[in-house]
Amino acid sequence: MTQTIFYLMRHGQCEGGNVLRGRSDLPLSELGFAQMQLACATKLPETIDALVTSPLSRCQGFAEYYAKKKQLPCHVEAGLMEIDFGDWDGEMIDTLFAEHSEALNAYWQDPWRAPLPGSEPLDAFEQRIETCIEQVLHRHSGNTLLLITHGGVIRHLMGLALGIRGEVGFYTQLSLDYGSVVKLSHLVDNDGKGYWRLHWS
């Protein structure tokens with residue numbers, strides 16, 4: 001049996017305030033950088049074989065810093081980017097609620113059927129993540145990996161491990177603070193069948 005372990009870390013707090021932060025490329029704040037340092041010091045195992053990161057600066061900047069500090073390879077994967085919120089990406093959330101509360105509430109309740117204007121369809125977002133993870137598994141089978149990515153990406157991978165797809169409310173029911181770390185493992189048995197496991201600690 002082959003086991004590949006993923007530590008999924010959400011980036012820390014960002015500059016720019018309370019915005020709808022998808023593809024908008026805003027850097028970490030000082031607090032956000034500290035949140036990720038603390039997560040690495042307290043939530044990761046002694047041995048990590050490699051880092052894989054979203055190319056957005058709130059992830060990649062810290063990933064490159066940590067990889068250099070630990071002398072680890074660091075791979076950038078576009079497939080790990082956050083969902084693109086389209087026309088409203090980067091806008092202040094309070095302003096959006098004041099002007100478009102009905103559409104925004106409908107999206108949070110059921111993003112598959114109520115997409116935001118110009119946004120990446122959730123089905124396409126999820127397929128992008130799964131394709132990326134399959135490629136990462138192929139290249140790093142049997143390793144222990146740190147993936148530095150985004151809340152939406154981590155939530156989908158948790159759903160994948162639990163066998164949950166298209167469940168209304170699932171994304172909003174999972175609370176993931178800045179610097180959160182989720183552990184998943186992917187196992188391949190002697191017959192070549194693979195399956196996911198979500199770990200609690």
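## A mixed six-stranded sheet and its helices

Strands β2 and β3 pair in the parallel sense, with three bridges between them, and within this pairing Thr53 stands opposite Val76 in β3. The structure is a predicted model, and the description below follows the sheet first and the helices afterwards.

Helix α2 packs on the sheet, where it touches β2, β3 and β4, and its direction makes about 170° with that of β2. Helix α5 also packs on the sheet, touching β1, β4, β5 and β6, with a direction that makes about 115° with that of β6.

The sheet itself is open and is formed by six strands in the order β3-β2-β4-β1-β5-β6, with mixed pairing. Because β3 and β6 (194-199) stand at the edges and have a single partner strand each, one side of each is left without a neighbour in the sheet. On average, and with direction ignored, neighbouring strands of this sheet are turned by 25° against each other.

Strand β1 (residues 2-10) has seven of its nine residues buried, so it is largely enclosed by the rest of the structure. The table lists strand pairings in the sheet.

| Strand pair | Sense | Bridges | Example of facing residues |
|---|---|---|---|
| β1 and β5 (residues 181-188) | antiparallel | eight bridges | Ile5 and Ser185 |
| β1 and β4 (residues 144-149) | parallel | six bridges | Arg10 and Thr149 |
| β2 and β3 | parallel | three bridges | Thr53 and Val76 |

Helix α2 (residues 57-70) contains 14 residues and reaches 19 Å from its first C-alpha to its last, which is close to the 20 Å expected at 1.5 Å a residue. Its buried residues are Arg58, Cys59, Gln60, Phe62, Ala63, Tyr66 and Ala67, and what covers the buried residues of α2 includes α1 (30-43), β2 (50-53), β3 (74-76) and β4. Just after α2, Gln71 takes a positive phi of about 55°.

A contact between two helices completes the account. The axes of α4 (residues 122-140) and α5 (residues 151-162) come within 10 Å and cross at roughly 75°, which means that α4 is roughly perpendicular to α5. On the α4 side, Phe125, Glu126, Ile129, Glu130 and Ile133 take part, and they meet Gly152, Val153, His156, Leu157 and Leu160 in α5. The residues of this contact of α4 with α5 divide into six nonpolar, two polar and two charged.

Key. Residues are numbered from 1 along each chain as its sequence is written. This is a predicted model: local features need pLDDT of at least 70, side-chain atom pairs count only at pLDDT 80 or more; totals for chains, interfaces and linings use all residues. Side-chain values use heavy atoms; hydrogens and water are left out. Buried means under 20% relative accessible area, exposed over 50%, partly exposed in between (1.4 Å probe, protein chains only). Helices (H or I, at least four residues) and strands (E, at least two) are DSSP runs, numbered from the N terminus. Two strands pair if DSSP finds at least two bridges between them. Axes are lines fitted to C-alpha atoms, for helices over the stretch in contact, and angles run from 0 to 180 degrees between N-to-C directions. Angles under 35 degrees count as roughly parallel, over 145 as roughly antiparallel, 65 to 115 as roughly perpendicular and the rest as oblique. Contact means heavy atoms within 4.5 Å. Ala, Val, Leu, Ile, Met, Phe, Trp, Tyr, Cys and Pro count as nonpolar, Asp, Glu, Lys and Arg as charged, and the others, Gly among them, as polar. The expected span of a helix is 1.5 Å times one less than its number of residues.
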